[in-house]
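The questions below work through how the helices, strands, domains and chains are arranged. Please look over the sequence and the structure before reading the answers.

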Protein chains: 2
Amino acid sequence: MRKVIRFSDPVSIYARASAVGKTEYDGPLGALFDFHDGTDRFGADTWEKSEESLSLAVLNFALARAGESQDEIDLLFAGDLQNQCVASSSGCGTLGIPYCGLYGACSTSGEGLLLASLALAAAPSLSRAAVVTTSHNAAAERQFRLPLEYGGQRSPTAQWTATAGGAFLLCRSSEPFAPPSAPRIVACLPGRALDSGVTDGANMGAAMAPAAADTILRYFSLTGESPSDFDRIVTGDLGAEGSALLSELLRDNGLDLRGRHRDCGVLLFDPLKADVHAGGSGCGCSASVLSALFLPALERKELRRVLFLATGALMSPSCLLQGESIRGIAPLIVLESGKTGGDK
Amino acid sequence: MRKVIRFSDPVSIYARASAVGKTEYDGPLGALFDFHDGTDRFGADTWEKSEESLSLAVLNFALARAGESQDEIDLLFAGDLQNQCVASSSGCGTLGIPYCGLYGACSTSGEGLLLASLALAAAPSLSRAAVVTTSHNAAAERQFRLPLEYGGQRSPTAQWTATAGGAFLLCRSSEPFAPPSAPRIVACLPGRALDSGVTDGANMGAAMAPAAADTILRYFSLTGESPSDFDRIVTGDLGAEGSALLSELLRDNGLDLRGRHRDCGVLLFDPLKADVHAGGSGCGCSASVLSALFLPALERKELRRVLFLATGALMSPSCLLQGESIRGIAPLIVLESGKTGGDK
């Protein structure tokens with residue numbers, strides 16, 4: 001059990017899009033994102049609807065980049081952080097594409113890519129799948145902590161839910177329309193919902209690090225591979241706190257990721273410029289950074305093999321109030337650069 | 001696009017379990033459920049934790065029935081109605097089985113069976129998958145409407161969120177351990193998140209009926225089959241109101257399900273005895289009734305072919321307050337009785 005799933009016909013990510021809000025655009029990766037809104041509103045009049053609008057826009061952008069319409073996409077996997085994942089169902093879900101709603105907290109991008117790959121591998125009748133995940137800082141703060149207007153103080157371990165979204169279009173790499181240069185998902189390993197013992201909703205890095213360590217250790221143990229087989233080992237949004245804990249947990253198990261590990265939550269902001277404390281988080285954090293930074297590097301063959309782990313803290317405010325600890329989860333996918341293109 | 005997915009190696013539901021609370025046990029199907037708790041508490045001291053406990057118990061019951069341990073299950077799909085789907089991640093998710101969290105509102109049982117079937121079809125390295133969905137009346141009322149203690153009045157179209165859960169263990173029917181008599185999932189059709197135009201959170205039947213009609217009409221149009229090819233066409237929890245609307249919508253499109261249609265939300269309660277208004281609902285409603293009533297009838301070959309549509313209202317209280325309407329969704333699976341067994 002707990003097997004690594006390998007795709008005999010790898011899944012190509014043939015189009016992608018990313019979008020962010022103001023703070024994210026002002027960060028070190030700002031110029032890489034496909035579009036941004038300096039007001040964080042994306043044309044809507046509530047923060048919740050702003051996220052719906054972002055979810056729809058980012059999928060439409062990916063479709064436009066591929067020159068395709070929503071009618072060509074057979075199945076859509078989407079999720080977000082709002083209660084009942086409504087940013088997805090009332091956002092990208094409105095395009096009428098057959099829809100599977102996911103809840104994996106900030107790990108939803110990885111869960112979606114994993115399940116979309118399984119669906120394409122299972123059913124020759126499906127030719128294209130889409131994955132969309134988003135988060136919005138103001139909507140998440142209102143829901144999980146306090147509305148921004150209350151001016152609540154944030155603790156040093158707290159992370160900043162990114163106002164961001166990513167969309168991915170996937171097909172089997174054997175399809176004639178799959179661009180040979182498109183990065184490919186060649187394997188995956190689902191995560192486990194592990195109890196972190198953390199009861200502090202402002203320390204999600206600590207809540208997610210054990211799950212990330214569990215998946216990484218299982219992956220290397222099951223495959224016999226080692227970190228040196230990868231150019232990058234990317235985590236979704238452990239932030240500074242969680243990344244330090246991950247290093248420690250892996251070192252205790254004889255694994256050293258030094259030089260290879262990158263965390264999307266750490267990359268998204270410049271801590272000297274943005275007051276984001278331990279770094280970025282949210283379903284849109286890993287999705288937008290994967291889309292804007294790592295996939296293009298795979299397309300250009302600057303990177304050849306990337307281990308991507310989205311990380312999620314399955315945190316309910318009700319359960320924290322009832323004294324329960326937070327479970328973390330970290331699904332993994334193995335990304336490789338396409339067969340051609342990018343070579344100099 | 002929007003294709004029916006057929007499984008060349010159908011997926012067997014080789015074990016199942018169901019559990020309910022007091023009102024459900026007192027209903028017409030009471031004696032069929034595997035276990036119940038007359039206090040609705042399932043040993044926990046809050047309603048939210050009661051649902052976690054129910055989620056864990058119903059999966060353990062299915063494992064015990066199959067004589068298997070959690071270590072033999074490769075992948076778990078689960079979801080519920082609590083915010084952040086925490087009843088699942090902190091319920092059945094605690095067994096350490098690789099976990100995919102789903103949010104499909106009351107349609108999650110169907111979404112889970114569909115995605116678990118796709119995963120088994122995709123990956124020969126996976127041999128067993130589990131699907132668990134639950135709901136709890138008191139936890140759902142507190143979250144979506146008012147805590148029970150407030151004694152809120154309910155409108156005639158309101159449904160009663162069932163305190164119930166269902167667990168299913170699945171494998172490819174070609175596996176040597178698959179019981180030949182086990183009911184099989186032979187095909188599926190994902191649902192679409194359709195706007196119902198309904199803004200009344202106390203009329204979810206009306207919010208779900210258009211999505212159910214959409215999936216049924218697409219299925220028959222894509223396959224060329226007709227209702228007479230099925231012994232039963234089962235919807236998840238449209239209730240009395242939604243079932244009447246479904247009939248009307250289908251009749252307008254020239255389709256008549258008379259005599260064949262059953263709704264789990266209607267079957268679960270006796271309206272003369274339980275004050276449940278339009279009937280049952282919740283992620284556990286269709287899961288428990290499928291597990292306790294329809295799967296055994298397929299095992300005994302009293303039924304041979306069943307079209308099962310779980311139905312969900314993707315409703316967020318925040319969005320209703322912001323004037324948005326509710327989207328409905330209805331994933332479909334085609335169930336057939338096993339190859340042997342049950343014949344007289």
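Q: Is the crossing of H6(B) and H7(B) right-handed or left-handed?
A: This is a predicted model, in which local features need pLDDT of at least 70 and side-chain atom pairs count only at pLDDT 80 or more, while totals for chains, interfaces and linings use all residues. Residues are numbered from 1 along each chain as its sequence is written, and chains are lettered from A and ligands numbered from 1 in the order in which they are written. With helices taken as DSSP runs of H or I of at least four residues, numbered from the N terminus, the axes of H6(B) (204-223) and H7(B) (239-252) come within 8 Å and cross at roughly 40 degrees. A crossing counts as left-handed if the near helix is turned anticlockwise from the far one by less than a right angle and right-handed if clockwise, and that of H6(B) and H7(B) is right-handed.

Q: How many nonpolar residues does the contact of H6(B) with H7(B) hold?
A: Contact here requires C-beta atoms, placed from the backbone, to lie within 7 Å, and among the residues of H6(B) that meet H7(B) are Met208(B) and Ile216(B), with Leu245(B) and Leu249(B) among those on the H7(B) side. Nonpolar covers Ala, Val, Leu, Ile, Met, Phe, Trp, Tyr, Cys and Pro, charged covers Asp, Glu, Lys and Arg, and polar covers the others, Gly among them. On that division the contact has three polar residues and one charged residue, and the nonpolar ones number eleven.

Q: Which word describes H2(A) relative to H5(A)?
A: The two axes, lines fitted to C-alpha atoms over the stretch in contact, come within 8 Å and cross at roughly 135 degrees, with angles running from 0 to 180 degrees between N-to-C directions. Angles under 35 degrees count as roughly parallel, over 145 as roughly antiparallel, 65 to 115 as roughly perpendicular and the rest as oblique. The crossing angle therefore makes H2(A) oblique to H5(A).

Q: How many charged residues are in the contact of H2(A) with H5(A)?
A: Trp47(A), Glu48(A) and Glu51(A) in H2(A) meet Ala138(A), Ala139(A) and Arg142(A) in H5(A). These residues include three nonpolar ones and no polar ones, and the charged residues number three.

Q: Which strands stand at the edges of the open sheet E9-E15-E14 (chain A)?
A: Strands are DSSP runs of E of at least two residues, and two of them pair if DSSP finds at least two bridges between them. The three strands follow one another in the order E9-E15-E14 with antiparallel pairing. Each edge strand has a single partner, so one side of it is left without a neighbour in the sheet, and the strands in that position are E9 (194-195) and E14 (312-314).

Q: In E15(A), what is the bridge partner of Ala313(A)?
A: E14(A) and E15(A) run antiparallel and are joined by three bridges, while helix H6 of chain A lies across E9, E14 and E15, at about 50 degrees to E15(A). The partner of Ala313(A) in E15(A) is Gly328(A).

Q: Which element gives the most to the side of domain 1 of chain A that touches domain 2 of chain A?
A: By an automatic or database assignment, chain A is divided into domain 1 (5-172) and domain 2 (184-336). Here 51 residues of domain 1 are in contact with 56 residues of domain 2. With eleven residues, the element that gives the most to the domain 1 side is E1(A).

Q: Which element gives the most to the side of chain A that touches chain B?
A: Between the chains, 52 residues of chain A are in contact with 52 residues of chain B. The element that gives the most to the chain A side, with six residues, is H4(A).

How values were computed: Two residues are in contact if their C-beta atoms, placed from the backbone, lie within 7 Å.
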